[in-house]
Amino acid sequence: ALHALGRYEEAIAQYDQALNLKPDYHEAWSNKGVALHALGRYEEAIAQYDQALNLKPDYHEAWSNKGATLQALKCYDEAIASFDKALNIRSDYHEAWFNKGATLGEIKHYEEALDCYEKAVQIKPDYQEVWANKSMLSLFLKKYHAGWTNYDWRLKAKDSKFKKAIESLELWNGSDCNHLLIFSEQGVGDIIFYTSILENVKNRARNITVSLDARLLPILSRSFPGITFVDKSAPLDIGLYDAQVAFASLPVILN
């Protein structure tokens with residue numbers, strides 16, 4: 001529970017209490033390793049995973065956790081070997097497929113990374129983080145149809161840096177809309193790039209408000225007089241809008 005709250009030092013103290021009572025409790029060793037990883041204490045984390053694996057060599061979660069920490073240390077070959085150990089024990093362990101894919105991406109083995117992501121979503125079709133990574137890698141590889149089609153998963157992933165403008169407002173699917181909110185997640189250059197699509201949006205939404213970087217307000221207000229532009233740091237009233245969409249979701253909606 002403390003771990004889930006991000007109170008990692010306190011969580012470690014509890015794992016230690018458990019291990020004082022039962023030194024062969026392999027799950028506590030592995031969980032302590034995950035908490036140490038969250039604190040950036042990677043070498044210590046690996047020592048905990050090794051303790052767990054000495055007690056239970058077929059503990060697939062510990063192998064996968066160790067791989068994630070080795071990846072953080074940029075020991076990519078060792079990380080992949082650790083994920084393979086986990087998958088040899090349990091081939092349907094979706095987290096190991098995801099982590100292996102992310103590691104392969106780090107060393108530019110992109111097609112192999114996509115294969116790992118595909119295996120992960122076959123096992124767990126609603127695995128948000130995998131879809132997000134898979135879509136961004138597809139875009140990077142110029143596989144645009146697959147990339148754009150799945151790119152909205154970045155807004156659904158739990159730990160994504162991309163966030164909706166209004167959490168409870170539905171995402172636009174391209175149907176006719178009275179008042180649409182378009183929001184930006186990325187930098188000024190990306191916003192300027194995506195504004196080339198705004199004229200197409202006017203065919204489907206009667207009123208459009210765009211929330212973006214304040215530095216762009218003067219030039220875009222002059223360039224698109226029929227659209228309202230607001231500073232993204234200003235509060236947004238959910239009652240004003242029927243749906244929202246991110247700039248980077250417009251390419252797939254508008255084909």
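Two strands pair if DSSP finds at least two bridges between them. The legends below apply to a predicted model.

**View 1. Strand β1 pairs with strand β2 in the parallel sense.** Strand β1 covers residues 177–183. Six bridges join β1 to β2. Within this pairing, Leu 181 stands opposite Thr 209 of β2.

**View 2. Strand β2 is largely enclosed by the rest of the structure.** The strand spans residues 205–212. Buried here means under 20% relative accessible area. Six of the eight β2 residues are buried, so the rest of the structure largely encloses the strand.

**View 3. Strands β2 and β3 run parallel over four bridges.** Strand β3 takes in residues 228–231. Leu 212 faces Asp 231, with Asp 231 standing opposite in β3. The chain gets from β2 to β3 by way of helix α12, residues 217–223. This β-α-β crossover is right-handed.

**View 4. Helices α6 and α7 pack against each other at about 165°.** Helix α6 holds residues 94–106, and helix α7 holds residues 110–123. Their axes lie 8 Å apart. The angle therefore makes α6 roughly antiparallel to α7, since angles over 145 degrees count as such. The crossing of the two helices is left-handed. On the α6 side, the contacting residues include His 94, Trp 97, Phe 98 and Leu 104. On the α7 side, they include Tyr 110, Cys 116, Tyr 117 and Ile 123. Glycines also take part in α6, namely Gly 101 and Gly 105.

**View 5. Thr 195 is a buried loop residue.** Thr 195 sits in the loop between α10 (188–194) and α11 (198–201). Its relative accessibility is 9%, so Thr 195 counts as buried. Leaving aside residues up to four places away in sequence, Thr 195 touches Leu 220, Phe 224 and Phe 247. Leu 220 falls within α12, the helix of residues 217–223 on the path from β2 to β3.

**View 6. Trp 172 is buried in the loop ahead of β1.** This loop runs between α9 (144–150) and β1. At 5% relative accessibility, Trp 172 counts as buried. Residues up to four places away in sequence are again not counted in its contacts. Among those that Trp 172 touches are Cys 177, Leu 180, Val 201 and Arg 204. Further partners include Ala 243, Gln 244, Val 245, Leu 250 and Ile 253. Pro 225 is 53 residues from Trp 172 in sequence. In space, the two residues are 22 Å apart, C-alpha to C-alpha.

Methods:
Residues numbered from 1 in each chain as written. Predicted model: local features only at pLDDT ≥ 70, side-chain atom pairs only at ≥ 80, totals over all residues. Heavy atoms only, no water. Buried < 20%, exposed > 50% of the residue type's maximum accessible area, 1.4 Å probe, protein only. Right-handed = clockwise from strand over helix to strand, strands pointing away. Axes fitted to C-alpha atoms, helices over the stretch in contact; angles between N-to-C directions. Parallel < 35°, antiparallel > 145°, perpendicular 65-115°, else oblique. Left-handed = near helix turned anticlockwise from the far one by under 90°. Contact = heavy atoms within 4.5 Å.
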